[in-house]
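Me: I am new to this entry and would like to learn how to read it. Please take me through it feature by feature.

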Amino acid sequence: MGSSFQEMWRELLPIGRHSDSGGYRRHAWTGADADCRAWFRQQAEDRGLAYEVDRNGNQWAWLGDPAAGDAVVTGSHLDSVPDGGAFDGPLGVVSSFAALDELRARGARFSRPLAVVNFGDEEGARFGLACVGSRLTAGLLTVEEAHRLTDGDGTTLAQAMEAAGYDPEGIGADPGRLARIGAFVELHVEQGRALDLSGDRVGIASAIWPHGRWRFDFRGEANHAGTTRLVDRRDPMLSYAETVLAARREAELAGAVATFGKIAVEPNGVNAIPSLVRGWLDSRAADQQTLDTVVGGIEKAAREYADAHGIDLDVVRESFTPVVEFDHALRDELGRILTTASDHLKVPVLGTGAGHDAGILAGRVPTAMLFVRNPTGVSHSPAEFAAEDDCVAGVHALADVLEGLACR
Ligand code: HGY
Ligand code: MN
Ligand code: MN
């Protein structure tokens, strides 16, 4: 198994890696994404698995007959945030194939169909909405909404899919496909240090915090940076900057998180007062009420700052994912399987503030997640890391889980 994991990992490593930053730019429907998809297809074919792409561009590799139903599905995503790390997403896909190899080496006999999946556009780096592939499949993103998505250059999702050789006319909810899934298990690198602190290699997910993305458009007046008196300016950058500080304050007060990580400025000239500052807020909290309080507080502050500077403000919620509680029965079963298989291994149960395709599917099929230790907790950064021993432990754990679920 170790060698199959390492070989896959080595093959995937150079794809979409930016030479200056060392981070990954595997954005949906780009050349790097196509290379990742070609890699997935090759893995499926090398293993004699039935390869298919669903109507939303998600890739599947099947062992057994999907039509038999009650399938056990595992996998994750291969796309990345801008300058992302190597592990967020790919660790789950590579571990899925490696776990399957391990089960075959063990001589496992499968009583349920098994599939490995690569969900498209999990990070939403290009079109601004996370988990597009799984949201469409689950019917949580309508076809009309999907067709309204555009990237920073004005390319629509449909145009991007078409350019990549996929049919955007076919996208939409896929309840028949979901009905054939009995359980979905996503393995993921931990995006925090809970496992490092507890001294465990592998954990099980309990819940995902509710989270969303809001776009704040501050509109003022473009003018000359050298000749416009300070008192005459309508500079949206000022209210934006004050709003960033307010976001930090509100999040601290509530024990939540709030981040402005992306900004667009017009006209974006060094010597011009901006006419528009567009900032995207990502905010997450342990519960809905707290999240509402935080975002409400940030918006209220933003309006006050905008008024004070003669700035027009529009706030649009671009996406939202409610709290996700993973299926308790499946979660307990994973705990039982792992503690039995690994001779009473301690497997902590952890919540997370990160979104996942597993969270999107959780409302439709029994879903669970495994986390693999991340010694620094860093994620969405080139510095993201997991030790090879821990990745191998994750593959063993996933193999045990798949065997426990699909071979009984
Ligand atoms: O943004 C997130 O939480 C996820 O990594 N897509
Ligand atoms: Mn991510
Ligand atoms: Mn991820």
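The turns below go from the whole chain to the metal sites and then to a pocket.

Reply: This is a predicted model, in which local features need pLDDT of at least 70 and side-chain atom pairs count only at pLDDT 80 or more, while totals for chains, interfaces and linings use all residues; side-chain values use heavy atoms, without hydrogens and water. Residues are numbered from 1 along each chain as its sequence is written, with chains lettered from A and ligands numbered from 1 in the order in which they are written.

Me: How many helices and strands are there in the chain?

Reply: Helices (H or I, at least four residues) and strands (E, at least two) are DSSP runs, numbered from the N terminus. The chain has 13 helices and 15 strands.

Me: What share of the residues of the chain counts as buried?

Reply: Buried means under 20% relative accessible area, exposed over 50%, and partly exposed in between, with a 1.4 Å probe and protein chains only. Of the 408 residues, 54% are buried.

Me: Which residues coordinate the manganese ion (ligand 3)?

Reply: Donors are N, O and S atoms within 2.8 Å of the metal (3.2 Å for Na, K and Ca); water is not among the atoms, so sites may look incomplete. Here the donors are His77 (NE2), Asp88 (OD) and His188 (NE2), at 2.0 to 2.2 Å. Histidine 77 in strand 3 and histidine 188 in strand 5 (residues 181-189) are 111 residues apart, and the pair links distant parts of the chain. Histidine 77 is buried at 0% relative accessibility, and histidine 188 is buried at 1%.

Me: What are the protein donors of the manganese ion (ligand 2)?

Reply: They are Asp88 (OD), Glu123 (OE), Glu123 (OE) and His380 (NE2), 2.0 to 2.8 Å away. Aspartate 88 lies in the loop between strand 3 (71-77) and helix 3 (90-106), and glutamate 123 in the loop between strand 4 (114-119) and helix 4 (132-138), so this pair ties together parts that are 35 residues apart in sequence. Aspartate 88 coordinates both manganese ions, ligand 2 and ligand 3, which are 3.6 Å apart.

Me: How are the residues lining the second largest pocket divided into nonpolar, polar and charged?

Reply: Ala, Val, Leu, Ile, Met, Phe, Trp, Tyr, Cys and Pro count as nonpolar, Asp, Glu, Lys and Arg as charged, and the others, Gly among them, as polar. On a 1 Å grid over the protein atoms alone, a pocket is an open set of points where a 1.4 Å probe fits, with protein on both sides within 12 Å along at least five of seven lines; lining residues have an atom within 4 Å of a point. This lining has 15 nonpolar, 7 polar and 11 charged residues.
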